[in-house]
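Biologist: Please give me a close look at one part, the helix packing. Then set it in its surroundings.

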Amino acid sequence: MSVALGLQRPLVVRTVPVDDVGDLIARLPDSAPYAWVRHGDGLVGWGEAAGVTVPHGPGRFAWARAWLNSIFQAADIHDEVRLPGSGPVAFGSFTFDPGSPGSTLVVPRTVLARRDGRAWLTTIGEETLDLVTPVRTPGRIRYSDGSLTSMEWEHAVATAVKEITGGRLDKVVLARDLIATADRRIDPRALLARLASRYPECYTFSVGGLVGATPELLVRHTGRAIESLVLAGTSPTGADPADLFCSEKNQYEHVCAVTSVRDALAPLCETLDVPDRPELLVLPNVQHLASRVTGRLSDGASVLDVVAAMHPTAAVGGTPTETALEVIRELEDMDRGGYAGPVGWIDARGDGEWGIALRCAAITGDRARLFAGCGIMGESDPAGELAEAQAKLRVMRYALEG
Ligand SMILES: C=C(O[C@@H]1C=C(C(=O)O)C=C[C@H]1O)C(=O)O
């Protein structure tokens with residue numbers, strides 16, 4: 001556990017309003033940035049006032065909440081803005097599988113934020129001078145297979161189809177990875193800038209080396225109001241949306257995801273509104289069936305409590321959840337790390353926004369590990385699912401190659 005200022009010495013936090021800050025991502029000074037930006041609004045952060053690697057295991061969300069409480073409750077907070085995301089915030093990324101190590105929480109030393117025309121700056125401890133170094137693009141990119149070749153992955157999909165038609169489960173989301181090697185060290189800021197301009201509708205994020213632009217909002221928590229955007233059912237952009245709406249496979253795949261979210265949220269909510277029918281979310285590469293679920297929490301649960309109840313939804317796990325996790329472990333032959341896990345931020349009031357870490361890559365030095373997955377149903381065609389995974393990989397390929 002690293003706590004730069006020490007648990008015994010409380011964080012001294014100051015939030016002040018600032019004039020318009022321009023492009024948030026362009027303000028990031030170094031190569032280990034924190035970001036959560038959509039349509040230009042959001043939070044970016046740098047430096048580390050406190051940070052921790054969350055121990056893996058089934059109690060990891062409870063452990064993370066306890067750690068955050070100890071930091072936030074002891075903090076000496078001077079907050080002139082008092083909006084979600086003002087005062088101290090922690091950025092976090094949790095691994096998909098509770099058994100995988102690598103979940104992290106970081107309270108940046110500096111956070112710059114904008115929301116609906118208001119901007120603010122939060123600093124912890126002494127002010128420091130942060131120089132914005134020039135952003136370098138990664139140069140030429142070479143790709144190699146991840147854990148499975150395309151053919152092996154198609155075979156895994158075919159095996160999953162057999163498990164489904166044989167009655168072991170209804171739906172499983174299978175993912176694959178792709179390794180990219182660049183000419184030089186990959187500066188996450190170069191990727192963030194490209195992602196934010198090409199995918200403004202998505203949440204462009206960076207936490208602990210995991211960089212991406214996800215369209216899927218796991219949960220936004222503002223006071224007692226919560227909101228989630230459930231995605232499942234995909235076709236290439238440009239294909240007739242009617243095919244997606246009329247496809248029984250895609251409709252059922254979507255119903256599985258929405259049901260998992262409704263079942264997770266219902267016990268926490270006094271009201272919950274789940275649309276009867278999905279809408280269409282069109283992105284530059286793919287289009288999805290999308291359901292916006294809204295609700296009101298019945299008590300003071302924090303955003304992390306809600307994340308803990310929801311993860312993993314059937315949009316990235318499957319139905320039933322535990323069987324899907326078993327099949328994923330059996331067939332993918334890889335550790336997903338933070339891919340398909342919750343990623344986002346939380347403030348000291350318990351407000352925050354968390355997405356499902358999709359359309360992303362884990363960056364280390366000159367290497368990026370890209371991930372993409374697809375919901376597999378009894379009718380799935382392995383070649384079609386491979387094409388869908390490739391379309392989803394285009395997001396990070398574009399971020400790397402421009
Ligand atoms: C698993 C991914 O995406 C998920 C799977 C989808 C599907 O199979 O239709 C759609 C959106 C996401 O919930 C991914 O992008 O890697």
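Modeller: Angle words first: under 35 degrees is roughly parallel, over 145 roughly antiparallel, 65 to 115 roughly perpendicular, and the rest oblique. This is a predicted model, where local features need pLDDT of at least 70 and side-chain atom pairs count only at pLDDT 80 or more, while totals for chains, interfaces and linings use all residues. Residues are numbered from 1 along each chain as its sequence is written.

Start with helix α1, residues 60-74, and its partner α6. (Helices are DSSP runs of H or I with at least four residues, strands are E runs of at least two, and both are numbered from the N terminus.) Their axes lie 10 Å apart, at an angle of about 175°. (Axes are lines fitted to C-alpha atoms, for helices over the stretch in contact; angles run from 0 to 180 degrees between N-to-C directions.) The pair is therefore roughly antiparallel. On the α1 side, F61, A64 and R65 make the contact. On the α6 side, L304, D305, V307 and A308 do so. (Contact requires C-beta atoms, placed from the backbone, within 7 Å.) Sorted by character, the residues of this contact are five nonpolar, no polar and two charged. (Ala, Val, Leu, Ile, Met, Phe, Trp, Tyr, Cys and Pro are nonpolar; Asp, Glu, Lys and Arg are charged; the others, Gly among them, are polar.)

Follow the chain out of α6. The loop between α6 (303-310) and β19 (318-319) holds P312. The peptide bond joining H311 and P312 is cis, with omega about -10°. A cis bond also runs from T319 to P320, with omega near -10°. P320 sits in the loop between β19 and α7 (321-332).

Next comes helix α8, residues 382-401, with helix α2, residues 150-165. The axes of α2 and α8 come within 9 Å and cross at roughly 120°. That makes α2 oblique to α8. The crossing is right-handed. (Right-handed means the near helix is turned clockwise from the far one by less than a right angle; anticlockwise is left-handed.) From α2, the residues S150, W153, E154, V157 and A158 take part. They meet P382, A383, E385 and L386 of α8. The contact of α2 with α8 comprises six nonpolar residues, one polar and two charged.

Helix α3, residues 188-198, also packs on α8. Here the axes come within 8 Å and cross at roughly 125°. That makes α3 oblique to α8. The α3 and α8 crossing is right-handed. L191, R194, L195 and R198 of α3 face Y398, A399 and L400 of α8 in this contact. It divides into five nonpolar residues, no polar and two charged.

Now the surroundings. The ligand has 17 residues around it, and T234, A315, L358, G373 and G375 come nearest. (Near means a C-beta atom, placed from the backbone, within 6 Å.) Strands β11 (171-182), β15 (225-236) and β23 (367-376) are the elements that give two or more residues to this shell. By character, the shell holds nine nonpolar, five polar and three charged residues.

An unreviewed UniProt entry annotates residues 152-392 as "domain: Chorismate-utilising enzyme C-terminal". (UniProt positions are in the numbering used here, feature names are shortened, and annotations may be inferred rather than shown by experiment.) That stretch, 152-392, is 33% helix and 37% strand. Its end C-alpha atoms are 18 Å apart.

One backbone detail remains. H39 is not a glycine, yet its phi is positive, about 50°. H39 lies in the loop between β2 (34-38) and β3 (41-46).

Key:
Two residues are in contact if their C-beta atoms, placed from the backbone, lie within 7 Å.
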